[in-house]
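Take the model below and follow it from ring pairs to helix packing, then to single buried residues. Each term is defined as it comes up.

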Amino acid sequence: MTRCHNRIYGAEFSKTEIEETAQSGRLLSMEVEFNRNCNFNCIYCYVQNDLNGKRELTGEEIRDVLVQSRELGSRKIIILGGEPMLYQHILETVKFIKGLGMEIEIFTNGANITESTAKMFSEYGVVVVLKMNTTDEKLQDIMSGKKGAYKHIQEAFGNLKKAGYPYNSPMGVSTIICRQNIDELKEMWSWLREQKVTPYFEMITPQGKARENGMLEVDAARVKELFYEIAKIDREKYGFIWDPQPPLVGGQCLRHQFSCAVNAYGDVLPCIGVTVPVGNIREKKLADVLKDSEVIQELRQYRKTIKGPCGKCESKDECYGCRGAAYQMTGDYLASDPSCWKNSDRQEDIVSLPVNIDRLVPHEQPMLVVDRLLEVGERASVSEVEVAKDSIFVGEDGRLNEMSYPEIFSQAIAAQSGFKNIGNDDSKSEGLLLGIKNLEILDTAFVGDKLQVSVYKAAKYGGFGIIKGEIFKRGTLIARGEIKVWHNDKENDGAHLFGH
């Protein structure tokens, strides 16, 4: 019997290579979207309708980021979509990637996989992962949101087989685990193994349409049962030994240690599940985005930063759950994964946003003015203030004192910092407001108003930092300015507040 090493998301790289890459800020692989258009309308698709006037990357921009990825050490490009086979320059871009000396893996529903295209992909050694969620024609059409999807996928499968897949080049089938198909997945796994096709079975990340379609959800205990049943089949029938752990059947996902994702608009993301843009390649070089990103660095140092049960799990050296599921379900990319069966009875130990600020900062009444932390992103956060009548910052006329605004910024950034520790030691951040700069008061707030406070870590100098803040009332900007703060974080040298 052998260990199963033919899985996606890092199995082709050694543990030493992954650790060195995580420490150096380089890459071993990169996921990239060339386009967002698709001929299917899958009911579980992660892609959200977020165009809002955004421009997709040009061919030149795509080639440039591919070169940058190679310069950072990437040996493999994973092509996502949309449907990548609808990208008009897909074949020439595949040739370009091979010319850079990188391997290619493409996830496709089979669009435009003709006999000639399949043959070309085989000759170039492209790993084709075909999306196939069931062997039931009617169910496949329903899940794909398109009548005839099943026949379309089977035709592509046949063309790939004619081109020599999976013998000349590796081939996989990507399948999401859901309530509708779970009872057939053991048989489907065995069928794919007999075909020498690698099964890519994984749990659904609750984002995009999958979040809207609760009918897809499966109980964690049933998912665990499936993982262990397939592990037994693989061990006894095919000689593959692996430890069941979410979110991938027979595999593991530690991609944040050595990879990143670039979407069709140039946004750099930790992965397609952690939808926190950490930069954009139109504004910054990829190397600088990765180096400057607080989110990327915290995920690469996950043994220190993952919170709650996942941070204490005996398997944490080889597993940190699904970061995408954690983020989509809690708003926190460092939270424990609520979808993991090991956490089924530990849900109360997993903190989700929004969080009351009194759990995060050392301030106490009557000085406490910010109420809740709502969102946390790349060096930024959004908090909420509900102007209370008994606040010491409110005058007799019910007006919020303008000198409260720097204190609001200070508490909001302290909450952002304190949130990094919650779920571990729950220690609260300590810091000092040292100065105010460029404070502009554009409107007034009164008792009963709900304010949103946006703060951004603009610069750091050791334990000192410059924070830019904005305050909004019903979507209208009423105040903005900068504050200088000092933050005491001996263990991380200010990293929790100001980045790395």
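Rings of Phe, Tyr and Trp (its six-membered ring) pair if their centres lie within 6.5 Å; planes under 30 degrees apart count as stacked, over 60 as edge-to-face and the rest as tilted. Ring pairs of this kind link Trp189, Phe201 and Trp242 into a cluster. The model is predicted: local features need pLDDT of at least 70, side-chain atom pairs count only at pLDDT 80 or more, and totals for chains, interfaces and linings use all residues. Residues are numbered from 1 along each chain as its sequence is written, and side-chain values use heavy atoms, leaving out hydrogens and water.

The count of aromatic pairs comes to 9. How are the rings of Phe227 and Trp341 arranged? Their centres are 5.0 Å apart and their planes stand at 65 degrees, so the pair is edge-to-face. This pair links distant parts of the chain, 114 residues apart. Phe227 sits in helix α9, while Trp341 is in the loop between α14 (323-330) and β12 (355-356). Helices (H or I, at least four residues) and strands (E, at least two) are DSSP runs, numbered from the N terminus. Both rings belong to buried residues, meaning under 20% relative accessible area (exposed is over 50%, partly exposed in between; 1.4 Å probe, protein chains only). Phe227 has a relative accessible area of 0%, and Trp341 has 9%.

Helix α9 (residues 220-238) also packs against helix α7 (residues 185-194). The angle is about 30 degrees and the axes are 10 Å apart. Axes are lines fitted to C-alpha atoms, for helices over the stretch in contact, and angles run from 0 to 180 degrees between N-to-C directions. That makes α7 roughly parallel to α9. The classes are: under 35 degrees roughly parallel, over 145 roughly antiparallel, 65 to 115 roughly perpendicular, the rest oblique. The crossing of α7 and α9 is right-handed: the near helix is turned clockwise from the far one by less than a right angle, and anticlockwise would be left-handed. Contact means heavy atoms within 4.5 Å. On the α7 side, the residues that meet α9 include Trp189, Ser190 and Arg193. Their partners in α9 include Leu226, Ile230 and Asp234. By class, this contact has 6 nonpolar, 1 polar and 6 charged residues. Ala, Val, Leu, Ile, Met, Phe, Trp, Tyr, Cys and Pro count as nonpolar, Asp, Glu, Lys and Arg as charged, and the others, Gly among them, as polar.

Now turn to helix α2 (residues 59-71) and helix α3 (residues 90-99). Their axes come within 11 Å and cross at roughly 20 degrees. The two are therefore roughly parallel to each other. Ile62, Arg63, Leu66 and Val67 of α2 touch Thr93, Phe96 and Ile97 of α3. This contact has 5 nonpolar, 1 polar and 1 charged residues.

Helix α3 also helps cover the buried residues of α4, as do β5 (127-131) and α6 (149-162). Those residues are Thr117, Ala118, Met120, Phe121 and Ser122. Phe121 has a relative accessible area of 0%. Beyond four places in sequence, Phe121 contacts Met85, Leu91, Val94, Ile113, Val126, Val128 and Tyr165. Just after α4, Gly125 takes a positive phi of about 70 degrees.

Last comes strand β14 (residues 380-386), which holds Ser383. Is Ser383 buried or exposed? Ser383 is buried, at 0% relative accessible area. Among the residues it touches are Val370, Leu374, Ala412 and Val453.
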